[in-house]
Amino acid sequence: MMNNATERPGTPGAPAVRAEGLRVVRGNRQVLHGLDFTVPPGQITGLLGPSGCGKTTLMRAIVGTQARITGTLEVLGRPAGEASLRSRIGYVTQDPSVYDDLTVRQNLHYFAAVLDPGRAAAERRRRNVSRAIADVDLVSHADALAGNLSGGQRSRVSLAVALLGTPELLILDEPTVGLDPVLRRDLWNLFHRIADERGATLLVSSHVMDEAERCHRLLLMREGEILADDSPDALRTRTRSATVEAAFLHLVDQAAAAGARKETVR
């Protein structure tokens, strides 16, 4: 069972996410192995590691949709998955979650009505939809069917949906995968605006190491474990590496060597 949070929402200086001994079991396999980490508020934290290392499972745990969790996991000062967090978290999955037979604007109005129902909220929903479309630079495609958009544009529609409620915590699961360099750059510029101008916290997963340089802080994962929780500069300094990718490889080799020594002792 998850334990109760000890800090109240909005506590100054409190981490946006805090995990201690976090474990996830799927079937007979342990996917996350006792993770300890924090995600600082108001910054972009990159969750980096190869495909299959547990990034999506960890994000689902934070959002509250992952089963079979043990340990401590607090999100915005509350236990992960608590109902009060639903309106405070935006989540963008790897697969765009939009309706192909609706336009961009219609998709957003639909999700806005789910988030903020009632006739009295109609004007607020209209403003939120217009803002979200502008945020992801889809004004010129607002009345295009989602099914006729490119993959990158569909991904931006999903991001716009997540931005409708002005979330305090935005969880983005590999949002730039398959995008060309210009779109990747534009999305990262948007992520920084969201953090800098709105004070939101972003957790962005990726298996592309050069994206690590765009983050304030990094969680480097491999095989369900956190290899490092630090800033890009600190990681490079600590491992005496020129790039974050080189630092990651150094830490992988270090972990492998430590594992080999344990096997030898046995």
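Helices and strands here are runs assigned by DSSP and numbered from the N terminus. With that in hand, welcome to this predicted model. Two features are worth finding in it: an open sheet of 6 strands, and a largest pocket with a volume of about 780 Å³.

**The sheet**
- Follow the strands in the order 6-7-8-3-9-10, and you will see that their pairing is mixed.
- Strand 6 (89-92) and strand 10 (225-230) are the edge strands, each pairing on one side only.
- On average, neighbouring strands of this sheet are turned by 15° against each other, direction ignored.
- As background, strands of a sheet pair through backbone hydrogen bonds, either parallel or antiparallel.
- Strand 9 (residues 217-222) pairs with strand 10 in the antiparallel sense, over 5 bridges.
- Within these two strands, look for L218, which stands opposite D230 in strand 10.

**Helices against the sheet**
- Helix 1 (residues 55-63) packs on the sheet and touches strand 3 (44-48), strand 6, strand 7 (169-173), strand 8 (201-206) and strand 9.
- The direction of helix 1 makes about 155° with that of strand 7.
- Helix 6 (residues 232-239) lies across strand 9 and strand 10, running at about 105° to strand 10.

**The largest pocket**
- Its lining is made of 29 residues, and R86, I89, G90, Y91 and L115 lie nearest the centre.
- Strand 6, helix 2 (104-115), helix 3 (122-135) and helix 4 (151-163) each supply at least two residues of the lining.
- Helix 2 gives the largest share, 5 residues.
- By type, the lining divides into 14 nonpolar, 10 polar and 5 charged residues.

Note on methods:
Residues numbered from 1 in each chain as written. Predicted model: local features only at pLDDT ≥ 70, side-chain atom pairs only at ≥ 80, totals over all residues. Heavy atoms only, no water. Pairing = 2+ DSSP bridges. Helix = DSSP H or I, 4+ residues; strand = E, 2+ residues; numbered from the N terminus. Axes fitted to C-alpha atoms, helices over the stretch in contact; angles between N-to-C directions. Contact = heavy atoms within 4.5 Å. 1 Å grid on protein atoms, 1.4 Å probe; cavity = no way out; pocket = protein on both sides within 12 Å on 5 of 7 lines; lining within 4 Å. Points joined across faces, edges and corners; volume = space filled by probe spheres on them. Nonpolar A, V, L, I, M, F, W, Y, C, P; charged D, E, K, R; others polar.
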